[in-house]
Amino acid sequence: MTTTISGATSPPMVRMDGINKWYGDYHALRDINLLVAPGERIVVCGPSGSGKSTLVRTVNLLEPFQQGRLHVCGVDVGADAITRAARLALNRRVGMVFQQFNLFPHMTALQNLTVGPVWGHGVSRREAHERAMHYLERVGLLAHAHKHPAQLSGGQQQRVAIARTLCTQPQVVLFDEPTASLDPEMVNEVLQTMEGLAGEGMTMMIVTHEMGFARRVADRVIFMDQGQIIETAAPDDFFDRPQSPRLKAFLGQVLPH
């Protein structure tokens, strides 16, 4: 199944052509064809083991693939040319927010934000500091700049992780179930931060089980099952007029009755 961009005039930020991935004999991604336009917000959902996290982790080559071709922010990579140089090129263009916060525990929030731009992107310490303070303010944590992760709540740590990703000024940001490790009362503060980014035109691919967030924020919602893109649609059509029996069954399980 091919997913296209309605009315798009600019080249896509992400293009996946015939992507296939295996773990041994397990076929994790099956013939994935996907286009993501600049500024587009894509939410990927589906049951556990459907391939949704593998899909977004393929975009920055955290997960290599065995067939197909990937085009991201001007970087063109075939399955036979996944090199360290290609990974580095994508790391400079694509940011990622993980389920686990992955903050350095011995560093303050501010230090966690500056280390990547300085050592990974060659940014001066002064500019890195200015970026870090700007994005800490952007996620509402400027007052916590000098605290260590252990002094922050889970929601605050995830917001620091989001700010850390923004400090590298990525062209695309991937979110792999960013609220899955949070207590329920902390989920909203992270989702509100992500909604703010979406409102600023950030190109985003988001794996999440938060269906209300998907309806509010997504330009398109993608449903995956058994490594395939089964259905993709704008939120109203996706939730109110699902076409495939598998999507109807999934929504019947995850939406309130």
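## Surface and charge

The protein chain exposes about 11,800 Å². Carbon and sulfur atoms supply 49% of that area. The model is predicted.

The chain carries 24 positive and 24 negative charges. The mean positions of these two sets lie 5 Å apart.

## Overall build

The protein chain has nine helices and 11 strands. Its C-alpha atoms fill a box of roughly 50 × 45 × 40 Å, taken along the principal axes. How does the radius of gyration fit a compact globule of 257 residues? Such a globule would have a value near 18 Å, and the chain has 18 Å, so the two agree.

Of the 257 residues, 53% count as buried. Contacts across the sequence can be sorted by separation. Among those between residues at least 6 apart, 65% join residues at least 24 apart.

## Val-59 in helix α1

Helix α1 covers residues 52–59, and Val-59 is found in this helix. Is Val-59 buried or exposed? Its relative accessible area is 0%, so Val-59 is buried; the cut-off for buried is under 20%.

Which residues does Val-59 touch, not counting those up to four places away in sequence? They are Val-14, Met-16, Leu-70, Val-72, Leu-90, Leu-174 and Met-205. Val-14 is 45 residues from Val-59 along the chain. Their C-alpha atoms are separated by 7.6 Å.

## Gln-158 in helix α5

Gln-158 lies in helix α5, which spans residues 154–167. Gln-158 counts as buried because its relative accessibility is 0%.

What does the side chain of Gln-158 reach at 2.9 Å? The partner is the backbone oxygen of Phe-98. Phe-98 is also among the residues that Gln-158 touches, leaving aside those up to four places away in sequence. The others in that list are Val-97, Gln-99, Phe-101, Pro-178 and Val-190.

## Pro-117 in helix α3

Pro-117 lies in helix α3, residues 109–121. With a relative accessibility of 1%, Pro-117 counts as buried.

Not counting residues up to four places away in sequence, Pro-117 touches Gly-122, Val-123, Ala-128, Arg-131, Cys-167 and Thr-168. Asn-33 gives a separate distance. Pro-117 and Asn-33 are 84 residues apart in sequence. In space they are 32 Å apart, C-alpha to C-alpha.

## Two loop residues with positive phi

Leu-61 is not a glycine, yet it has a positive phi of about 65°. Where is Leu-61 found? Leu-61 sits in the loop between α1 and β5, with β5 at 67–72. Its relative accessible area is 1%, so Leu-61 is buried.

Glu-177 is not a glycine either, and has a positive phi of about 50°. Its place is in the loop between β8 (172–176) and α6 (184–199). Glu-177 has a relative accessible area of 15%. Buried means under 20%, so Glu-177 is buried.

Terms used
Residues numbered from 1 in each chain as written. Predicted model: local features only at pLDDT ≥ 70, side-chain atom pairs only at ≥ 80, totals over all residues. Heavy atoms only, no water. Helix = DSSP H or I, 4+ residues; strand = E, 2+ residues; numbered from the N terminus. Buried < 20%, exposed > 50% of the residue type's maximum accessible area, 1.4 Å probe, protein only. Contact = heavy atoms within 4.5 Å. Rg over C-alpha atoms; globule rule 2.2 N^0.38 Å. Areas by Shrake-Rupley, 256 points an atom, 1.4 Å probe, with all protein chains shown as cover. Lys, Arg positive; Asp, Glu negative; His and termini not counted. Charge placed at Lys NZ, Arg CZ, Asp CG, Glu CD. Polar contact = N/O pair within 3.5 Å; in protein donor to acceptor, adjacent residues only side chain to side chain.
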